[in-house]
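Biologist: Hi! Could you walk me through this one? I'm still new to reading structures.
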Amino acid sequence: MRTSFTSEAELLELVAEAGRDLPGWMIAREAFLTGRDEAAVRDEIARRLSITRTALARGFKEPQRSVSGLTEGAAAKLHAQVNPPVRDELWNRALAYAVAINEVSACGGRIVAFPTAGSSGIVPGLLWAWRDEREGELSASSPRLQDAVAVAGAIGAVIAARATLSGAAGGCQAECGAAAAMGSGALAWLASGDAGRAFNAAALSLKNSLGLACDPVAGLVEVPCVKRNAFLAGNALVALTLDSAGIRSAVPFDEVVSAMKAIGDMMSPQLKESAEGGLAMTPTGLRVKAAMEAGFPDAPDS
Ligand code: SF4
């Protein structure tokens with residue numbers, strides 16, 4: 001089985017040659033690469049989806065508070081909001097779910113890197129919000145939800161092959177930006193069953209996060225990361241909305257990813273996870289860094 005590809009075009013050609021649909025081919029590829037059968041790959045996807053659902057529940061049930069104090073139960077606040085200014089439930093759930101999962105990540109809890117820890121709330125937040133609002137019969141063991149994960153994986157695999165999924169190499173466009181592209185594509189596939197629509201939504205989403213810096217305060221994956229998971233989940237939903245209206249990205253997905261790579265290469269190392277620029281160098285950022293170096297003496301349990 002030929003398993004390598006570096007573009008949407010190449011990937012969709014392989015899928016067509018094999019006579020499978022996109023998620024089916026991705027699952028067959030994973031089975032081939034890992035020496036398992038397709039049922040075992042689906043079991044593994046189900047296991048990982050369940051981990052994200054557990055993290056989501058934990059983020060709401062136990063307001064997450066980190067030693068730094070930078071993470072302090074934002075998901076619980078979103079969840080408790082009785083009169084949100086925006087009344088769309090898919091929107092509100094996706095934002096709150098993304099934050100809940102990422103707060104658990106920021107506090108050292110168990111999550112799934114999706115594609116990274118810093119961006120771990122976006123894809124599962126979107127998928128579970130879709131499930132809870134649009135298709136209540138889905139579960140971690142549903143082939144349809146597993147297929148959506150495989151579509152997200154296909155989009156992430158092209159980004160990894162053409163550019164990077166690392167904030168240290170490409171800035172946050174490569175982490176949260178990539179996650180939003182993966183999530184928008186997964187939802188577009190759930191909405192349409194069309195691989196081309198999935199990549200179109202991904203292109204629309206990724207274009208809107210090009211140039212996003214990685215400048216975490218004190219080098220901790222908390223600020224801007226946790227709240228950015230909500231913002232980028234929103235980005236993915238905007239892309240989904242545009243795609244569903246028949247709006248095409250003027251620049252195709254493969255070219256958007258190449259632009260992302262070029263922008264990442266042009267970005268200063270100060271804006272690529274070194275915590276030497278941007279928000280990390282604000283007076284607040286430097287105060288948090290000094291507190292961290294002193295062992296967070298004001299932390300509640302210190
Ligand atoms: S700001 Fe940096 S550390 Fe935070 S999620 Fe983005 S890439 Fe990851």
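Modeller: Happy to; we'll go through some helices and then a few backbone oddities, and please keep in mind that this is a predicted model.

Biologist: Great! Is helix H9 mostly buried or exposed?
Modeller: Buried: 15 of the 17 residues of H9 are buried, so the helix is largely enclosed by the rest of the structure.

Biologist: And how far apart are the ends of H9?
Modeller: The end C-alpha atoms of H9, which covers residues 176-192, are 24 Å apart. That agrees with the expected span, because 17 residues at 1.5 Å a residue should give 24 Å.

Biologist: What comes right after H9?
Modeller: Gly193, with a positive phi near 70°.

Biologist: Let's switch to helix packing. At what angle do H6 and H11 pack?
Modeller: About 55°, with their axes 9 Å apart. The two helices are therefore oblique to each other, and H6 passes H11 in a right-handed crossing.

Biologist: Which residues meet there?
Modeller: From H6, Ile122, Leu126 and Trp130 meet a set in H11 that includes Asn229, Leu232 and Ala236. By class, this contact has eight nonpolar, one polar and no charged residues.

Biologist: Now those oddities. Where are the cis peptide bonds you'd point out?
Modeller: One runs from Phe114 to Pro115, with omega near 10°, and Pro115 sits in the loop between H5 and H6. Another joins Val223 and Pro224, with omega about 15°; Pro224 is in the loop between H10 and H11.

Biologist: What is odd about the phi of Ala275?
Modeller: The phi of Ala275 is positive, about 60°, although this residue is not a glycine. Most residues other than glycine have a negative phi. Ala275 is also buried, with a relative accessible area of 14%.

Technical notes. Residues numbered from 1 in each chain as written. Predicted model: local features only at pLDDT ≥ 70, side-chain atom pairs only at ≥ 80, totals over all residues. Heavy atoms only, no water. Helix = DSSP H or I, 4+ residues; strand = E, 2+ residues; numbered from the N terminus. Expected span 1.5 Å × (residues − 1). Buried < 20%, exposed > 50% of the residue type's maximum accessible area, 1.4 Å probe, protein only. Axes fitted to C-alpha atoms, helices over the stretch in contact; angles between N-to-C directions. Parallel < 35°, antiparallel > 145°, perpendicular 65-115°, else oblique. Left-handed = near helix turned anticlockwise from the far one by under 90°. Contact = heavy atoms within 4.5 Å. Nonpolar A, V, L, I, M, F, W, Y, C, P; charged D, E, K, R; others polar.
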